[in-house]
Amino acid sequence: MATLTDKAVTGPDTDTAAPAAKRAGARLRSTGSVIVLRLLVIVVALVLWQVMSGSVVPEYAVSKPLDVYDALTHMLGSASGWNDIRVTTVEVLAGFGLGVAAGTVMGLVLGSFPLLGRVLEPLVAAVNGIPKIALAPLFLLFFGIGPWSKITIAMTGVAFVVFYNIYLGLRLRERELVEVVQVMGGRRHHVLGYVTLPTLAAPFFAALKTGGPLAILGVIGGEFIASSEGVGHELFTAAQNLDAAAEFAGLIVLVAITLALNAVLSALDGYALRRLGLAGRRRAQPKS
């Protein structure tokens with residue numbers, strides 16, 4: 001009897017675990033296939049690049065993968081190369097952080113006070129219409145060729161993206177949900193926790209992922225115009241010297257910085273959504 005009872009209890013668990021194990025194995029195989037295909041595409045592109053350089057496309061314009069590898073190892077093996085990477089990374093992170101803070105404050109203030117938003121929104125749109133790189137000479141006059149001019153350019157680009165996502169998110173917040181929380185006796189911090197933060201989470205992190213590349217673009221643009229160090233300065237020097245290998249090596253470093261920043265933002269996005277209880281909703285959304 002004991003054996004029959006054990007079988008009766010453990011049988012359904014075994015039946016449930018088997019499909020779950022199969023699904024997990026299928027996901028692993030699918031992920032492995034995708035990784036292999038990505039590596040294959042990269043290898044094919046590198047081979048074509050190596051073969052076509054010089055014979056089809058001028059070598060001085062595109063260099064060769066092996067020469068780019070030598071330039072990249074030289075850059076990563078020198079103290080000046082790592083100093084340029086450090087300078088650019090610090091400028092990107094500082095500009096990104098300050099831009100997020102400024103854009104969040106602007107969005108919350110103008111979104112929380114409708115009259116103020118209606119008064120200042122056209123002015124914000126007018127300033128945002130100015131290309132950020134066109135403001136670089138003005139920032140250079142104020143801050144010189146040091147890092148603060150690049151940080152300010154990056155901050156300006158990020159701030160407007162974050163502002164519009166926060167501002168529009170507050171305006172699109174469902175008034176009915178706010179009234180329900182208030183009728184149930186909720187106060188401002190309840191409205192903030194149960195309505196405002198879940199509403200703003202998705203647009204806020206979308207703004208962060210959009211603002212990351214904008215911060216890098218602003219810093220590199222500023223280093224192009226006037227700088228004595230940084231990856232952008234090295235890219236500009238390589239372009240003047242017609243050194244395509246060094247140019248591509250600098251671009252690889254920028255891609256690595258972009259991927260690292262995006263990975264951190266994706267991890268923060270997932271963590272915040274789990275804390276707010278929205279992760280399950282995001283996973284279920286494609287199925288509907």
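This note walks through a predicted model of one protein chain, point by point.

1. **Overall make-up.** The protein chain has twelve helices and zero strands, and the order of its elements from the N terminus on is accordingly a run of α after α, written α-α-α-α-α-α-α-α-α-α-α-α. Of the 288 residues of the protein chain, 32% count as buried. The accessible surface comes to about 17800 Å², and 70% of that surface belongs to carbon and sulfur atoms. When contacts with a separation of 6 or more are considered, residues 24 or more positions apart account for 68% of them.

2. **The largest nonpolar core.** As background, nonpolar side chains in soluble globular proteins tend to be buried together. In this model the largest nonpolar core has 31 residues, and the members that touch the most other members are F96, V231 and V253. Several helices contribute to this core, for α3, α4 (79-112), α7 (147-171), α9 (188-225), α10 and α11 each supply at least two of its residues. A second, separate core has five residues, among them L110, F160, F163 and Y167.

3. **M75 and V253.** Which residues does V253 contact, once its neighbours within four places in sequence are left aside? They are L72, M75, I85 and V231. M75 can be read from its own side as well: it is found in helix α3, which covers residues 65-76, and, again leaving aside neighbours within four places, M75 is in contact with G81, W82, I85, V231 and V253. M75 counts as buried because its relative accessibility is 11%, which is under the 20% cut-off for that word. The C-alpha atom of M75 is separated by 7.8 Å from that of A249, although these two residues are 174 residues apart along the chain.

4. **V62 and its surroundings.** V62 lies in helix α2, which spans residues 59-62. Leaving aside neighbours within four places in sequence, the residues in contact with V62 are W49, S53, V57, A244 and F248. The C-alpha atoms of V62 and D243 are separated by 9.3 Å, while along the chain these residues are 181 residues apart.

5. **The pair of W49 and F248.** A search of the whole structure finds six aromatic pairs. A pair of aromatic rings is described by the distance of the centres and the angle of the planes. For W49 and F248, the centres are 5.1 Å apart and the planes are at 55 degrees to each other, so that the pair is classed as tilted. W49 lies in helix α1 and F248 in helix α11, so the pair ties together parts that are 199 residues apart in sequence. Both rings belong to partly exposed residues, since the relative accessible area of W49 is 24% and the relative accessibility of F248 is 26%.

6. **Other aromatic groups.** F142 and F143 also form a tilted aromatic pair, with 6.4 Å from centre to centre and 50 degrees between the planes. Their accessibility should be read separately: F142 is exposed, with a relative accessible area of 62%, whereas F143 counts as partly exposed at 42%. In addition, F163, Y164 and Y167 form one aromatic cluster, and F163 and Y167 were named above as members of the second core.

7. **A nonpolar patch on the surface.** Where nonpolar side chains are found at the surface, a patch of about 810 Å² can be pointed out, made by L37, L40, V43, V44, V47, L48, V51, M52 and V56. V44, one of these residues, has its place in helix α1, which covers residues 2-52. V44 is described as partly exposed because its relative accessible area is 43%, a value between the limits of 20% and 50%.

8. **Two positive phi angles.** Most residues other than glycine have a negative phi, and for that reason two residues deserve a second look in the model. S63 is not a glycine, yet S63 has a positive phi of about 55 degrees, and its place is in the loop between α2 and α3. For L242, too, phi is positive and near 55 degrees, and L242 is found in the loop between α10 (231-240) and α11 (244-276). Are these loop residues buried or exposed? S63 counts as buried, at 6% relative accessibility, whereas L242 counts as exposed, at 66%.

Notes. Residues are numbered from 1 along each chain as its sequence is written. This is a predicted model: local features need pLDDT of at least 70, side-chain atom pairs count only at pLDDT 80 or more; totals for chains, interfaces and linings use all residues. Side-chain values use heavy atoms; hydrogens and water are left out. Helices (H or I, at least four residues) and strands (E, at least two) are DSSP runs, numbered from the N terminus. Buried means under 20% relative accessible area, exposed over 50%, partly exposed in between (1.4 Å probe, protein chains only). Contact means heavy atoms within 4.5 Å. Patches are made of residues with over 30% relative accessible area and no salt bridge: like charges are joined within 9 Å, nonpolar side chains (Val, Leu, Ile, Met, Phe, Trp, Tyr) within 5 Å. Accessible areas come from the Shrake-Rupley method with a 1.4 Å probe; for residues, only the protein chains shown count as cover. A salt bridge is a side-chain nitrogen of Lys or Arg within 4 Å of a carboxyl oxygen of Asp or Glu. Rings of Phe, Tyr and Trp (its six-membered ring) pair if their centres lie within 6.5 Å; planes under 30 degrees apart count as stacked, over 60 as edge-to-face and the rest as tilted. A nonpolar core is a set of buried Ala, Val, Leu, Ile, Met, Phe, Trp, Tyr and Cys residues joined through side-chain atoms within 4.5 Å.
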